[in-house]
Amino acid sequence: MKTLIILAHPDLEQSIANKNILKHLQEDVKNIEIRHLDKLYPDFNVNVIAEQNALLSADIVIFQYPFYWYSSPATLKQWLDKVLTFGFAFGVGGDKLKGKHFLLSVTLGGPTKSYTPLGYNRFTLDEFIKPIQQTVYMTEMIYHGFIHSNRNAYVEGMLNSKSEIKVNAKNHANQISYFIETLRKGNTHKIKPFIKKWFEHFDQLDENGFFLQYLSSDVKMQIPDHNEFIGHDGFNKWYTEAKNNFIGLTAHHLSNIDITETSNNYFEITFNVRYVTQTKDNSIDIFLKENWQLVWNTTSDRPLITEYLVTKIK
Ligand SMILES: Cc1cc2nc3c(=O)[nH]c(=O)nc-3n(C[C@H](O)[C@H](O)[C@H](O)COP(=O)(O)O)c2cc1C
């Protein structure tokens with residue numbers, strides 16, 4: 001995953017906060033491109049093609065800047081006006097940024113309490129950055145909110161100390177690195193533990209509610225020797241009947257788990273199961289193949305199974 005940092009700072013030489021944040025990111029994050037707008041375009045003559053190409057090559061876009069008069073340094077505004085064109089970033093055919101991840105990263109002079117209704121800045125940072133947030137929505141990038149740090153203004157002997165600002169910068173950069181790392185890892189690594197948990201609860205013949213929370217309301221289910229059923233009612237009927245028929249617990253031995261992310265947070269999962277149990281009528285020891293479709297809900301950070309197909313192998 002490539003990270004593109006669009007940096008706006010008119011005097012990086014004198015910077016403490018932004019300069020140190022960038023230094024840490026360069027050390028900690030792989031595959032990163034930093035475009036310092038003020039250095040690239042001191043005359044504000046933005047190379048639109050070069051900037052659009054940089055965006056196209058990125059998976060994660062981060063705007064990094066010091067908060068200036070409740071907004072960004074001027075180069076970023078010029079960049080937005082020139083680069084996010086009709087047919088590229090919005091409008092007909094303007095879906096070139098769709099699905100890229102966006103994060104805002106801002107350093108502030110004012111302390112946290114100043115950005116409250118009774119503080120001297122009156123409004124929250126969340127309120128001040130609404131134009132950026134809406135711009136991101138227009139481009140169909142995925143808005144991941146902002147990372148910020150306060151008390152970064154330095155006036156020798158009067159306002160903050162360089163060492164405090166450097167500590168801020170390290171914490172700030174760590175949060176960005178963590179964000180990038182979390183995106184890189186995606187949610188694929190959470191799926192195997194979920195499948196294991198699902199069958200542990202199955203083997204204990206847990207309450208229906210445990211399973212229903214992970215099944216979409218229109219889940220399609222196919223279980224051997226049953227008609228296909230759709231939705232929670234079908235699951236409830238099948239599972240209640242099955243539970244009444246078991247003597248004791250069940251055992252699911254899983255193997256060959258294969259997980260493919262077909263698109264962002266949509267997964268196709270296949271695996272084999274040796275299924276052993278005892279019902280009122282007979283002993284069961286069979287091999288099954290399962291094929292699931294699952295969506296990872298990033299808001300609730302939970303999986304939702306949309307298709308659950310089980311076939312008998314032998
Ligand atoms: C022109 C200008 C405007 C500023 N406006 C704000 C502001 O609106 N709110 C705020 O909290 N800090 C403001 N500051 C303080 C800067 O945000 C702070 O000095 C900066 O984040 C420190 O980062 P640096 O060390 O990378 O320059 C302003 C500073 C300058 C020079």
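Start with the contacts across the whole chain: among contacts in the protein with a separation of 6 or more, 67% join residues 24 or more positions apart. Keep in mind that the model on screen is predicted.

Next, show everything as a cartoon. The protein has 10 helices and 11 strands. Turn the view to follow the C-alpha trace, which spans about 85 × 45 × 35 Å along its principal axes. How does the radius of gyration compare with that of a compact globule of 314 residues? Such a globule would have a value near 20 Å, but the protein has 26 Å. If you colour by burial, 23% of the 314 residues count as buried.

Now select the ligand and the 16 residues around it. Ser15, Asn18, Pro66, Gly109 and Gly110 come nearest. Which kinds of residue make up this shell? There are 9 nonpolar and 7 polar residues, and no charged ones.

Move on to residues 266-279, strand S9, and residues 283-297, strand S10. These two strands run antiparallel and are paired over 13 bridges. They form a hairpin, with 3 residues between them. To see one position in this pairing, select glutamine 278, which stands opposite serine 283 of S10.

Keep S10 selected and add strand S11, residues 302-312. This pairing is also antiparallel, over 10 bridges. Pick lysine 289 and look across to threonine 311 in S11, its bridge partner. Finish at the hairpin of S10 and S11, where 4 residues lie between the strands. Select aspartate 301 there: its phi is positive, near 55°.

Key
Residues are numbered from 1 along each chain as its sequence is written. This is a predicted model: local features need pLDDT of at least 70, side-chain atom pairs count only at pLDDT 80 or more; totals for chains, interfaces and linings use all residues. The radius of gyration is taken over C-alpha atoms; the globule rule is 2.2 Å times the number of residues to the power 0.38. A residue is buried if 20 or more other C-beta atoms lie within 10 Å of its own, exposed if 12 or fewer, and partly exposed in between; C-beta atoms are placed from the backbone. Two residues are in contact if their C-beta atoms, placed from the backbone, lie within 7 Å. A residue is near a molecule or strand if its C-beta atom, placed from the backbone, lies within 6 Å of it. Ala, Val, Leu, Ile, Met, Phe, Trp, Tyr, Cys and Pro count as nonpolar, Asp, Glu, Lys and Arg as charged, and the others, Gly among them, as polar. Two strands pair if DSSP finds at least two bridges between them.
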